[in-house]
Amino acid sequence: MDLPHDLIVLERAAEEQRARLAGLDGEEFDVQHRAWQEAARAAQAAIADHATVSGQSAEAVESEVKSAVRRTEEDPAE
């Protein structure tokens, strides 16, 4: 599947926002949780749009996007 780069960027941004939740509590957690949810919604909307346009299932597109994000985060030297 040929994925648009923006889908990978949006999913990576959502994952980065999620990772920032670690160690937070109280108001800081709430603010960061909202940032994560907003980023995740943007990624999901873009995935759904791409699925509709490409005629693929949203689940298949999401799976491919998540795999692509994991591949780009792997250290090729390892």
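**Exercise 1. Place glutamate 11 and state whether this residue is buried or exposed.**

Glutamate 11 sits in helix α1; helices (H or I, at least four residues) and strands (E, at least two) are DSSP runs, numbered from the N terminus. The model is a predicted one, in which local features need pLDDT of at least 70, side-chain atom pairs count only at pLDDT 80 or more, and totals for chains, interfaces and linings use all residues. Residues are numbered from 1 along each chain as its sequence is written, and side-chain values use heavy atoms, with hydrogens and water left out.

Step 1. Buried means under 20% relative accessible area, exposed over 50%, and partly exposed in between (1.4 Å probe, protein chains only).
Step 2. Glutamate 11 has 4% relative accessibility, so this residue counts as buried.
Step 3. Leaving aside residues up to four places away in sequence, glutamate 11 touches Ala43, Ile47, Val65, Lys66 and Val69, where contact means heavy atoms within 4.5 Å.

**Exercise 2. Classify aspartate 6 by its relative accessible area.**

Step 1. Aspartate 6 also belongs to helix α1.
Step 2. Its relative accessible area is 44%, so aspartate 6 is partly exposed.

**Exercise 3. Describe how α1 and α2 are arranged.**

Step 1. Two packed helices are described by the angle between their axes and the distance between the axes.
Step 2. The axes of α1 and α2 come within 8 Å and cross at roughly 160°. Axes are lines fitted to C-alpha atoms, for helices over the stretch in contact, with angles running from 0 to 180 degrees between N-to-C directions.
Step 3. Angles under 35 degrees count as roughly parallel, over 145 as roughly antiparallel, 65 to 115 as roughly perpendicular and the rest as oblique. α1 and α2 are therefore roughly antiparallel.
Step 4. Residues of α1 in the contact include Leu7, Leu10 and Glu11, and those of α2 include Ala43, Ala46 and Ile47.

**Exercise 4. Which residues make up the largest nonpolar core, and which element gives the most to this core?**

Step 1. A nonpolar core is a set of buried Ala, Val, Leu, Ile, Met, Phe, Trp, Tyr and Cys residues joined through side-chain atoms within 4.5 Å.
Step 2. The largest has ten residues: Leu3, Leu7, Ile8, Ala46, Ile47, Ala51, Val61, Val65, Ala68 and Val69.
Step 3. Two or more residues come from each of α1 (5-19), α2 (26-54) and α3 (58-73).
Step 4. α3 gives the most, with four residues.
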